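Biologist: I have a model open and want to learn how to read it. Can we go through it feature by feature?

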Amino acid sequence: MAQIGQDIIKAKELLEDGKLVAIPTETVYGLAANALNPEAALEIFRVKQRPAFDPLIAHTDSLEKVEKFAREIPEKAQILAKHFWPGPLTILFDKQSIIPDIVTSGLDRVAVRIPSHQLTLDLLKSIDFPLAAPSANPFGYVSPTEAKHVNDNLGEKIPYILDGGSCEIGLESTIVGFENDETIIYRLGGMSLDQIQDLIGDVKININKSSNPKAPGMLKSHYAPSIPVRIINLKEDYSLYDPNSTGVISFKEFVPGIPEDNQFVLSESGDLGEAARNLFKALRTFEEKPIKLLITELLPEKGLGLAINDRLKRAAASA
Ligand code: TXA
Ligand code: MG
């Protein structure tokens with residue numbers, strides 16, 4: 001198993017040596033390597049069993065550092081970065097050649113994010129290279145929101161997990177980019193659409209191009225636990241399912257007739273932020289129980305509800 005701790009110097013030394021370290025962020029835990037070292041980046045793909053066509057996000061701690069690997073910072077990107085970084089927003093920039101092709105899967109753009117987590121910001125401040133970091137889970141599986149999740153899935157394959165507690169947001173970052181004069185959202189995530197549109201006006205959403213995706217995290221089936229997930233109208237149809245082998249994830253309240261031990265309520269008070277924080281943990285909880293099918297409902301289509309529903313639909317797509 002990996003060593004788990006809060007030793008930034010140890011993390012820094014491992015990363016400088018081309019090794020992988022799991023890092024906490026406010027969204028989900030990342031599996032980090034030196035983004036300027038192609039060998040180290042390749043190791044991320046091996047450990048995650050991630051296809052080479054799925055590019056990585058480069059994490060750093062200041063806009064000055066971004067200027068070293070983005071060719072140009074469009075005005076709207078400046079505005080977004082100034083308002084929302086550090087935070088759950090990833091921005092695509094035309095890349096400079098210092099970023100190896102393996103990081104961007106050969107694409108001309110590099111995805112960049114300044115994460116909002118003090119431990120990881122301190123680590124980023126102490127190194128002179130960006131960290132390439134996808135979510136620290138095997139490809140296609142549920143993202144980790146606690147150090148334990150990382151250790152359960154990848155502990156055998158990596159030397160160190162920087163433990164920053166439970167992730168505050170719990171959903172991956174929203175991904176935004178610019179094509180011609182349009183602002184495009186490629187992945188819904190922890191930064192809500194409203195927050196972005198209030199600041200820079202209308203955006204276009206382009207999240208479902210699954211045949212030749214520009215953002216492969218958007219493959220139709222993703223974020224899936226090993227138990228099949230089905231989205232139903234919980235209030236009406238739960239009674240069709242076997243109470244002993246069915247797990248339930250609901251928004252606000254338990255459904256009658258199924259043992260509460262087999263249920264996970266995302267937020268009793270109906271708070272979408274709390275629901276987001278709990279979602280991936282909920283999907284993982286049932287792996288340890290004698291559950292054969294997970295049933296769940298969609299949440300209100302507003303704020304973080306949009307990103308939560310996106311993840312639920314992708315978890316259900318492989319069932
Ligand atoms: O919140 C997050 O974004 C987390 C934390 C660790 O920062 N990271 C994360 O990484 O979710 P990952 O690899 O699981 O998802 C990143 C997605 C890729 O699947 C891809 O869809 C998109 O970002 N992406 C990365 N680079 C891209 C690029 N150059 N062009 C288009 N999409 C890109
Ligand atoms: Mg991922």
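Biologist: Which strands each supply at least two residues of the shell around ligand 1?

Modeller: This is a predicted model, so keep that in mind throughout. To read a shell, map its residues onto the secondary structure. Here β4 (57-59) and β6 (109-113) each give at least two residues to the shell around ligand 1. The largest share, three residues, comes from β6.

Biologist: Which residues come nearest to ligand 1?

Modeller: The shell counts 25 residues, and Thr27, Asp54, His59, Arg109 and Ser173 come nearest. Sorting the shell by class is the next step. The shell has twelve nonpolar, six polar and seven charged residues.

Biologist: What polar contacts should I look at?

Modeller: Look for N or O pairs within 3.5 Å. The side chain of Ser173 has an N or O atom 2.5 Å from an oxygen atom of ligand 1. For His59, an N or O atom of the side chain is 2.6 Å from a ligand 1 oxygen. Ser135 places a polar side-chain atom 2.9 Å from an oxygen atom of ligand 1.

Biologist: How much of ligand 1 does the protein bury?

Modeller: Compare the ligand alone with the ligand in place. Alone, ligand 1 exposes 680 Å², and the protein buries 97% of that.

Biologist: Now the whole fold. How many helices and strands are there in the protein?

Modeller: The protein has eleven helices and 15 strands. Its C-alpha atoms fill a box of roughly 60 × 45 × 35 Å along the principal axes.

Biologist: What does the radius of gyration tell me about the protein?

Modeller: Set it against the value for a compact globule. For 319 residues that value would be near 20 Å; the protein has 19 Å, so the two agree. Buried residues make up 58% of the 319.

Biologist: Take one residue, Glu253. Is it buried, partly exposed or exposed?

Modeller: Exposed needs over 50% relative accessible area. Glu253 has 49% relative accessibility, so Glu253 counts as partly exposed. Glu253 sits in the loop between β13 (246-250) and β14 (263-265). Glu253 and Glu268 are 15 residues apart in sequence, and their C-alpha atoms are 6.2 Å apart in space.

Biologist: Where is confidence lowest, and where is it highest?

Modeller: Start with the average: pLDDT is 94 for the protein, and 96% of the residues score at least 70. Then go by element. Helix α9 (residues 234-237) is lowest, at a mean of 86, and strand β2 (residues 21-23) is highest, at 99. Where pLDDT is low, predicted coordinates should not be read in detail.

Conventions. Residues numbered from 1 in each chain as written. Chains lettered and ligands numbered in written order. Predicted model: local features only at pLDDT ≥ 70, side-chain atom pairs only at ≥ 80, totals over all residues. Heavy atoms only, no water. pLDDT = per-residue confidence, 0-100. Helix = DSSP H or I, 4+ residues; strand = E, 2+ residues; numbered from the N terminus. Near = heavy atom within 4 Å. Polar contact = N/O pair within 3.5 Å; in protein donor to acceptor, adjacent residues only side chain to side chain. Areas by Shrake-Rupley, 256 points an atom, 1.4 Å probe, with all protein chains shown as cover. Nonpolar A, V, L, I, M, F, W, Y, C, P; charged D, E, K, R; others polar. Rg over C-alpha atoms; globule rule 2.2 N^0.38 Å. Buried < 20%, exposed > 50% of the residue type's maximum accessible area, 1.4 Å probe, protein only.
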